[in-house]
Amino acid sequence: MKRSQNKMSLTIPARSINESFARYAVSTFAAQLDPSLEEIADIRTVVSEAVTNSIVHGYMESEGKIYISAEYYDDRSIKITVKDKGKGIDDIKKAMEPFYTGAPGTDRGGMGFTIMSSFTDKLSVRSVPNKGTTVTMIKKLKIKL
């Protein structure tokens with residue numbers, strides 16, 4: 001059974017300016033596991049995608065808070081959770097399809113969940129319309145020799 005080694009949490013206003021802060025805060029926390037540069041880049045990317053989804057789709061660029069937590073375990077896995085209390089997702093299966101965007105008529109590519117899934121070992125999305133969305137990602141880091 002894996003055991004928790006450390007955890008962190010962060011609450012930020014849902015503003016685009018805070019996306020890079022969230023990305024670097026979580027990747028700095030993950031750096032305690034001495035990941036490869038590629039693994040750090042993957043973590044930055046998935047946090048960025050999840051936070052951007054909360055800002056753009058969850059709160060539709062209006063006021064709100066984003067709740068971020070990360071925890072790592074003795075098996076070198078890290079669990080990252082990004083939660084909002086925004087509008088939620090009506091059809092999670094549809095939202096997870098490549099190129100689907102909940103913001104039609106914008107330059108959004110609809111690849112956020114696809115990217116998150118590709119760069120992690122496990123992705124789960126829970127959402128309740130008008131209550132919010134929780135994205136949980138688990139990434140197993142390679143063992144350093």
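**Helices on the sheet.** I began with α1, which in this predicted model lies across β1, β2 and β3 and runs at about 170° to β1. I then turned to α2, which also packs on the sheet, where it touches β1, β2, β3 and β5, and I noted that its direction makes about 15° with that of β3.

**The sheet.** I next asked in which order the strands are arranged. I found 5 strands in an open sheet, ordered β1-β2-β3-β5-β4, with antiparallel pairing. The edge strands are β1 and β4, each of which pairs on one side only. For the twist, I recorded that neighbouring strands of this sheet are turned by 10° against each other on average, with direction ignored.

**β1 against β2.** I looked up this pair in more detail and found that β1 and β2 pair in the antiparallel sense over 9 bridges. Within the pairing, I noted Ile 12, whose bridge partner in β2 is Ile 66.

**The nonpolar core.** I asked which residues have the most contacts inside the largest nonpolar core. This core has 33 residues, and those with the most contacts inside it are Val 51, Ile 66, Ile 68, Ile 80 and Met 137. I then listed the elements that each supply at least two residues of this core, and these are β1 (4–13), α1 (19–30), α2 (37–58), β2 (65–73), β3 (77–84), α4 (112–118), β4 (122–128) and β5 (132–140). The largest share of the core, 6 residues, comes from α2.

**Val 51.** I followed Val 51 as one of the residues with the most contacts inside the core. Not counting residues up to four places away in sequence, Val 51 touches Ile 12, Glu 19, Ala 22, Ile 66, Ile 68 and Val 82. Ile 12 and Ile 66, both in that list, are the bridge partners I had noted between β1 and β2.

**Thr 133.** I closed with Thr 133, which lies in strand β5, and asked whether Thr 133 counts as buried or exposed. Its relative accessibility is 9%, so Thr 133 counts as buried, the cut-off being under 20%. Not counting residues up to four places away in sequence, I found Thr 133 touching Val 82, Lys 83, Asp 84, Gly 88, Ile 89, Val 125, Arg 126 and Ser 127. With Ser 127 there is also a polar contact between the two side chains, at 2.7 Å. As a last distance, I looked up Thr 133 and Asp 74, which are 59 residues apart along the chain and whose C-alpha atoms are separated by 28 Å.

How values were computed: Residues are numbered from 1 along each chain as its sequence is written. This is a predicted model: local features need pLDDT of at least 70, side-chain atom pairs count only at pLDDT 80 or more; totals for chains, interfaces and linings use all residues. Side-chain values use heavy atoms; hydrogens and water are left out. A nonpolar core is a set of buried Ala, Val, Leu, Ile, Met, Phe, Trp, Tyr and Cys residues joined through side-chain atoms within 4.5 Å. Buried means under 20% relative accessible area, exposed over 50%, partly exposed in between (1.4 Å probe, protein chains only). Helices (H or I, at least four residues) and strands (E, at least two) are DSSP runs, numbered from the N terminus. Contact means heavy atoms within 4.5 Å. Two strands pair if DSSP finds at least two bridges between them. Axes are lines fitted to C-alpha atoms, for helices over the stretch in contact, and angles run from 0 to 180 degrees between N-to-C directions. A polar contact is a pair of N or O atoms within 3.5 Å; within protein, one must be able to donate a hydrogen and the other to accept it, and residues adjacent in sequence count only if both atoms are side-chain atoms.
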